[in-house]
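Subject: Structure handover

Dear colleague,

Here is the structure I promised to pass on to you. Please open it beside this message, and then read on for what was found in it.

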Amino acid sequence: MDQDDVIWGIIKNSFCSFKVQTDSTQLCRNEYNLTGLCNRTACPLANSQYATVREDKGILYLYKKTAERSMYPRKQWEKIKLSRNYEKAVYQLNEELLFWPGHIKSKCKQRFKRLTQCLIKMRKLKLGRQKKLIPLQRKIERRIKRREDKALIAARLENAIEKELVDRLKKGVYGDMYNIPLQAFDNALRAEERESDLQEITEEENEVVEEEIEDEDVSEDEFTDDSDLDSEKELEVEDDFIPSEEEIENLSLPSTSEKSRRKKQRKENVEIEYEMD
């Protein structure tokens, strides 16, 4: 049509907000573009009869533009929902684009095929296990760390002030100047006494443990010294006791007097008992 040629002449030779110039080709950013290229047949603005396939929330739709709807910009595109079944959707495309140019019909089918493949991949990735990337908020972490440091400093100051006040109250610096509740004062004193008692008990236990360890070390040393002395004495005795040959013979052959004595002792030990009827 003459109107389409005029629009294309303006877009081609002058400015178009959807045109993107690259080193090799010109691309189109219009959402209704069928191929993504900026040329006469693929431009949705310079064609009064145009069709494309788009995806919205996982559902594919066929968009058609005719010359009869050009006077109503709001109703310019007719939206037709395509079936989830591939064969039924291809049959719908053939029925809706029955008397349309062949290049538009083939490009719509190619776009529909590619979009269905992308949806299948998206569903598989969604059902499968995925890693969730959690960004690290450095500024918030630094802010929390600063607040924690300030809270620690404030707590230390409060504890120091409390101890100083308790010491002054013990010494009676203020006298009757302040009406301090006695219960709170007594509780503070008891807590301090408990802490001091616990410290003393722990120190005593540590001292006892140290003394036991020292005693064990001393006893081990004495035992080792005694064993060394005994071994030295045994060695000395063994060295001194070296018997001669005569002594060995005397020991091995006992004398006759000793034999007779042993026999007498055996005889003396014999006792005879008589039974009387």
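Lys65 counts as buried in this predicted model, because its relative accessible area is 5%, and buried means under 20%. You will find Lys65 in strand S4, which covers residues 59-65. The side chain of this lysine makes polar contacts with backbone atoms: the backbone oxygen of Pro44 is reached at 2.5 Å, and the backbone oxygen of Asn47 lies 2.9 Å from a polar atom of the Lys65 side chain. Leaving aside residues up to four places away in sequence, Lys65 touches several others, among them Leu45, Tyr50, Gln76, Trp77 and Trp100.

Lys65 also leads to the largest pocket, whose volume is about 250 Å³. Of the 15 residues that line this pocket, the closest to its centre are Leu45, Asn47, Lys65, Ser70 and Gln76. Helix H1 (residues 2-13) gives the largest share of the lining, with three residues. By type, the lining is made up of seven nonpolar, six polar and two charged residues.

Next, please look at the salt bridges, of which the structure holds four; I describe some of them here.

One of them joins Asp5 and Arg40, with the closest N and O atoms 2.8 Å apart. This pair links distant parts of the chain, since Asp5 sits in helix H1 while Arg40 belongs to the loop between strand S2 (26-28) and strand S3 (50-56), 35 residues apart. Asp5 is partly exposed, at 43% relative accessible area, and Arg40, at 26%, is partly exposed as well.

Another salt bridge is formed by the side chains of Glu31 and Arg54, at 3.4 Å from N to O. Here too distant parts of the chain are linked, with Glu31 in the loop between S2 and S3 and Arg54 in strand S3, 23 residues apart. Glu31 has a relative accessible area of 49%, so it counts as partly exposed, a class that ends where exposed begins, over 50%.

Which residue meets Lys64 in a salt bridge? The partner is Glu96, at 3.0 Å from N to O. Lys64 lies in strand S4 and Glu96 in helix H2 (residues 86-96), so that this pair, 32 residues apart, again links distant parts of the chain. Lys64 is buried, with a relative accessible area of 9%, whereas Glu96 is partly exposed at 30%.

With best wishes

Technical notes: Residues are numbered from 1 along each chain as its sequence is written. This is a predicted model: local features need pLDDT of at least 70, side-chain atom pairs count only at pLDDT 80 or more; totals for chains, interfaces and linings use all residues. Side-chain values use heavy atoms; hydrogens and water are left out. On a 1 Å grid over the protein atoms alone, a cavity is a set of points where a 1.4 Å probe fits but cannot get out, and a pocket is an open set with protein on both sides within 12 Å along at least five of seven lines; lining residues have an atom within 4 Å of a point. Grid points are joined across faces, edges and corners, and a volume is the space filled by probe spheres set on the points. Helices (H or I, at least four residues) and strands (E, at least two) are DSSP runs, numbered from the N terminus. Ala, Val, Leu, Ile, Met, Phe, Trp, Tyr, Cys and Pro count as nonpolar, Asp, Glu, Lys and Arg as charged, and the others, Gly among them, as polar. Buried means under 20% relative accessible area, exposed over 50%, partly exposed in between (1.4 Å probe, protein chains only). A polar contact is a pair of N or O atoms within 3.5 Å; within protein, one must be able to donate a hydrogen and the other to accept it, and residues adjacent in sequence count only if both atoms are side-chain atoms. Contact means heavy atoms within 4.5 Å.
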